[in-house]
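This report walks through strand pairing, charged side chains and a few loop residues. Please keep the sequence and the structure in view while reading.

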Amino acid sequence: QVQLVESGGGLVQPGGSLRLSCAASGTIFSISDMDWYRQAPGKERELVATITSGGRTNCADSVTGRFTISRDNAKNTVYLQMNSLKPEDTAVYYCNADVKVSRYALWELYWGQGTQVTVSS
C-alpha cells in the first residue's frame with residue numbers, strides 16, 4: 001500500500017556532500033514523523049535525524065552541524081543534506097515514515113529499501 005524509495009546515495013570523498021531523498025507513495029492519508037537511520041557494516045542501525053509533520057527536527061550528536069533533515073509535505077518527501085562527510089558516515093541509509101492510509105486507520109511504520117553512502121578517498 002505504501003512504498004518509500006530512497007535515492008541520492010553514492011561514493012563521495014571526505015569533506016564532500018550528498019543529498020538523500022526519500023519519497024513516499026501509495027495510499028496515504030497522512031504522514032507524521034519521518035526519520036533517517038543508518039547502518040554500518042557490523043553495527044546496529046542508528047537514528048540519524050527525525051522531523052515531525054510540523055517541521056521540528058532533531059539530529060544525532062554525531063551529525064549535528066553537518067547534516068540537515070527537511071521535508072516537503074506536498075510531495076511526501078523527506079531529505080537529508082549531508083555536508084562535511086567523514087569516512088565514519090559510510091553506511092546504508094534508510095528512511096521511515098509513520099503513515100495513516102485512511103482517516104480511521106492506525107499509524108503504521110514503513111521503511112525504505114536503503115541507499116548506500118560511501119565516504120572514501
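**Strand E11 and its partners**

The model is predicted. Start with leucine 11: its bridge partner in E11 is threonine 118. That pair belongs to the contact between strand E2 (residues 10-12) and E11, which run parallel and are joined by three bridges. Strand E9 (residues 91-100) also pairs with E11, here antiparallel, again through three bridges. Within that pairing, valine 92 has glutamine 116 of E11 as its bridge partner.

Which side chains of strand E11 (residues 115-119) are buried? Thr115, Val117 and Val119 are, and they point to one face. Gln116 and Thr118 point to the other face and are not buried. The side chains thus alternate along the strand.

**Two loop residues beside E11**

Glycine 9 sits in the loop between E1 and E2. Its relative accessibility is 33%, so glycine 9 counts as partly exposed. Beyond four places in sequence, glycine 9 touches Leu18, Leu20, Thr115, Gln116 and Val117. The C-alpha atoms of glycine 9 and threonine 118 are 8.0 Å apart, with their positions 109 residues apart along the chain.

Threonine 90 lies in the loop between E8 and E9. Its C-alpha atom is 4.6 Å from that of threonine 118, and the two residues are 28 apart along the chain. A polar atom of the threonine 90 side chain lies 2.9 Å from the backbone nitrogen of valine 119. Neighbours within four places aside, threonine 90 contacts Ala40, Gln116, Val117, Thr118 and Val119.

**The four-stranded sheet**

An open sheet of four strands follows the order E1-E3-E8-E7, and the pairing is antiparallel. Strand E1 (2-7) and E7 are the edge strands, each pairing on one side only. From one strand to the next, the twist averages 15°. Inside the sheet, strand E3 (residues 18-26) and strand E8 (residues 77-82) are antiparallel and share six bridges. Leucine 20 stands opposite leucine 80 of E8.

**The salt-bridge network**

Side chains of opposite charge can pair when their charged atoms come close. How many salt bridges does the structure hold? It holds three. They are listed here with the distance between N and O atoms.

| Pair | N to O distance |
|---|---|
| Glutamate 46 and arginine 38 | 2.6 Å |
| Arginine 38 and aspartate 89 | 2.9 Å |
| Aspartate 89 and arginine 66 | 2.7 Å |

Arg38, Glu46, Arg66 and Asp89 are linked in a network by these salt bridges. Their exposure varies. Glutamate 46 is partly exposed, at 36% relative accessible area. Arginine 38 is buried, at 6%. Aspartate 89 is buried as well, with a relative accessible area of 1%. Arginine 66 is also buried.

Why does the pair of arginine 38 and aspartate 89 tie together separate parts of the sequence? Arginine 38 lies in strand E4 (residues 30-39) and aspartate 89 in the loop between E8 and E9, so the pair joins parts that are 51 residues apart in sequence.

The bridge between aspartate 89 and arginine 66 links distant parts of the chain too. Arginine 66 is in the loop between strand E6 (57-59) and E7, 23 residues from aspartate 89.

**Arginine 71, a buried charge without a salt bridge**

Arginine 71 is found in strand E7 (residues 67-72), an edge strand of the open sheet. What is the nearest side chain of opposite charge to arginine 71, and how far away is it? It is aspartate 33, at 5.6 Å. A salt bridge needs a nitrogen and a carboxyl oxygen within 4 Å, so this pair does not qualify. Arginine 71 is therefore buried yet has no salt bridge.

Polar partners are present, however. The arginine 71 side chain reaches the backbone oxygen of threonine 52 at 3.0 Å. Another polar contact, of 2.6 Å, joins the side chains of arginine 71 and asparagine 73.

Residues up to four places away are left out of the contact list for arginine 71. That list holds Ile31, Ser32, Asp33, Met34, Ile51, Thr52, Ser53, Thr77, Val78 and Tyr79. Aspartate 33 and threonine 52 are thus among the residues that arginine 71 touches.

Notes
Residues numbered from 1 in each chain as written. Predicted model: local features only at pLDDT ≥ 70, side-chain atom pairs only at ≥ 80, totals over all residues. Heavy atoms only, no water. Helix = DSSP H or I, 4+ residues; strand = E, 2+ residues; numbered from the N terminus. Buried < 20%, exposed > 50% of the residue type's maximum accessible area, 1.4 Å probe, protein only. Lys, Arg positive; Asp, Glu negative; His and termini not counted. Polar contact = N/O pair within 3.5 Å; in protein donor to acceptor, adjacent residues only side chain to side chain. Contact = heavy atoms within 4.5 Å. Pairing = 2+ DSSP bridges. Axes fitted to C-alpha atoms, helices over the stretch in contact; angles between N-to-C directions.
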